[in-house]
Amino acid sequence: MNNTNAFGITELLHQETYLANGDLKTWEGKKDEVYSTISSTENYNKTLLGTVPHMDESAALEVLDYACAAYDKGKGEWPTAKVSYRIKCMEDFVVQMKKEREKVVKYLMWEIGKSLPDSQKEFDRTVEYIYDTIEDYKQLDRDSAKFSKRDNVNAHIRRGPLGVVLCLGPYNYPLNETFALLIPALIMGNTVVFKPAKHGVLLLSPLLEAFRSSFPRGVVNIIYGRGREVAAPIMATGRIDVLALIGNSKSAIALQDQHPHKNRLRLVLGLEAKNPAIILPDADLDLAIQECISGTLSFNGQRCTALKIIHVHEDIREEFNSRFAKKVDELKFGNPWEEKVQLTPLPEPEKPTYIQELIDDAREKGAKILNEKGGEISENYIYPAVLYPVTTEMRVYQEEQFGPVIPVKPFNSIENLLDEIADSNYGQQVSLFGKDIEQLAPLIDTLVNLVCRVNLNSSCQRGPDVFPFTGRKDSAVGTLSVHDALRSFSIRTFVASKDNPYNNAILQELLSSDKSHFVSTDYIL
Ligand code: G3H
């Protein structure tokens, strides 16, 4: 790659500050170098992008103090503010954020290897998510701007914040998924300590000033460092009210275990999945193959919603396998900014070796690689291998590969396959390919109870973000979507009074004086 390219790294980005109590404080301690697995030279070399603070326990706990002070056990300015004020802060933020699109997109490409169109989409989708959240919150507020009366009691019911949120996002969507937690948490009146994932850190640097200037002191705090050194001690204080994490269940459990008052801790978790595709004998194979290509390989399969196993019916397996394997080999590998590139470098340096291990294990146990390029390895990539026939003994069947390798398993009996899916530890989504409604109807009726989204003749995906995103078993806790996330980060709370002239006169005065931020029937336009 030539550094004169519009996306070249011409200077290093040294992130010297962290956001605490409304100030960008300079970190004087140890720094971590941030590397991209993408090479800037003809002979392969990883590329140094810059540095970030390597914060320690005492710095993390100091930042937690600020978040707790801003929440002030529910008495702070932010949790008691008018809804319209919090919306105004969020609007200021998104206006500033939009100006940083180019820089954020560039670092998305370098830090996590996401293609240019997908990086742009991640940014734009996040901006849209913020606007949709603002609109939804306005509607939520309008719906609550009233009194209900029952059994001689007048009630004014709204939603209130939960407290201090520790927010940890994943490296595959370091902007979108992180903000899908952060934005609803903030707008509902919680205060936040946010730590970026292990990859996709510098891309947040262009947004720090927007966070600093849009929200009151201590409302949003951003720290850097290792999870076990900064996030674990924060949890151990017992001062976190909500753990909002998208990642894997091991880290979620380890963090919950640190918390001394588990009953107080709310969880909003998006965890691992092993979404299956089921190809029935009457499936339209052109469509199924196209959807399985994007389902298994968009962003190299590094999506929690990726199709991670394909179950193909014996009657059509030969045709499906040969056509699918050929299509996989047609995909272009290259750097994220190259035109029409579909496969891009893996951000985790150890990932190609891990995928190679899965392939070796499957081959030892009887699977073959169906495509010619499958398993071709380089410094930062391993070309996707289509493995067939995969069995339950293989690691690639058991583990969430989160990368470019595609296990294909034949089936004869749909009942046995349903048992297999029911026994899985995961329960996020499924893709079902077929046409005959006599077959589809009973399958849909069962699958909706095994997972939380049945995609008919379509690949699995989270979006559109207004739809509920959740999972069963080890795949999620709570529901995310524009609408649901506002509820996940809040609790119903209300003012009630017996219906009599004395109380009603007070309520009337409260409403007309505009003195209370909570008791209000204002309609926010
Ligand atoms: O990593 C999991 C993401 O939620 C997937 O989102 O389906 O929009 O790619 P997506």
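**Loops, strands and a ligand shell**

Trainee: In which loop is Pro 464 found?

Mentor: Helices (H or I, at least four residues) and strands (E, at least two) are DSSP runs, numbered from the N terminus. By that numbering, Pro 464 is found in the loop between β20 (454-456) and β21 (472-473).

Trainee: What kind of model is this?

Mentor: Residues are numbered from 1 along each chain as its sequence is written, and side-chain values use heavy atoms, with hydrogens and water left out. Local features need pLDDT of at least 70, side-chain atom pairs count only at pLDDT 80 or more, and totals for chains, interfaces and linings use all residues: this is a predicted model.

Trainee: Is the peptide bond from Gly 463 to Pro 464 cis or trans?

Mentor: Its omega is near -15°. The bond from Gly 463 to Pro 464 is therefore cis.

Trainee: What is omega for the peptide bond from Tyr 388 to Pro 389?

Mentor: Pro 389 has its place in the loop between β16 (385-388) and α12 (395-398). The bond from Tyr 388 to Pro 389 is cis, with omega near -10°.

Trainee: Which residues are around the ligand?

Mentor: A residue is near the ligand if one of its heavy atoms lies within 4 Å of it. Those residues are Arg 125, Asn 172, Tyr 173, Glu 177, Arg 303, Cys 304, Thr 305, Gln 461, Arg 462, Gly 463 and Phe 469.

Trainee: How many residues of the shell are charged?

Mentor: Ala, Val, Leu, Ile, Met, Phe, Trp, Tyr, Cys and Pro count as nonpolar, Asp, Glu, Lys and Arg as charged, and the others, Gly among them, as polar. The shell holds 3 nonpolar and 4 polar residues, and the number of charged ones is 4.

Trainee: How far does a backbone N or O atom of Arg 462 lie from an oxygen atom of the ligand?

Mentor: A polar contact is a pair of N or O atoms within 3.5 Å. Polar side-chain atoms of Asn 172 and of Arg 303 each lie 2.7 Å from an oxygen atom of the ligand. For the backbone atom of Arg 462, the distance is 2.6 Å.

Trainee: What share of the ligand's accessible area does the protein cover?

Mentor: Accessible areas come from the Shrake-Rupley method with a 1.4 Å probe. On its own the ligand has 310 Å², and the covered share is 95%.

Trainee: What is the order of the open sheet of 3 strands?

Mentor: Two strands pair if DSSP finds at least two bridges between them. β1 (13-14) and β4 (31-39) are the edge strands, each pairing on one side only. β1 runs parallel to β5 (residues 46-53), joined by 2 bridges. The pairing in the sheet is mixed, and the order is β1-β5-β4.

Trainee: Which residue in the hairpin of β2 and β3 takes a positive phi?

Mentor: β2 (residues 17-20) and β3 (residues 23-26) pair in the antiparallel sense over 4 bridges. The hairpin has 2 residues between the strands, and the one with phi near 55° is Asn 21.

Methods: A polar contact is a pair of N or O atoms within 3.5 Å; within protein, one must be able to donate a hydrogen and the other to accept it, and residues adjacent in sequence count only if both atoms are side-chain atoms.
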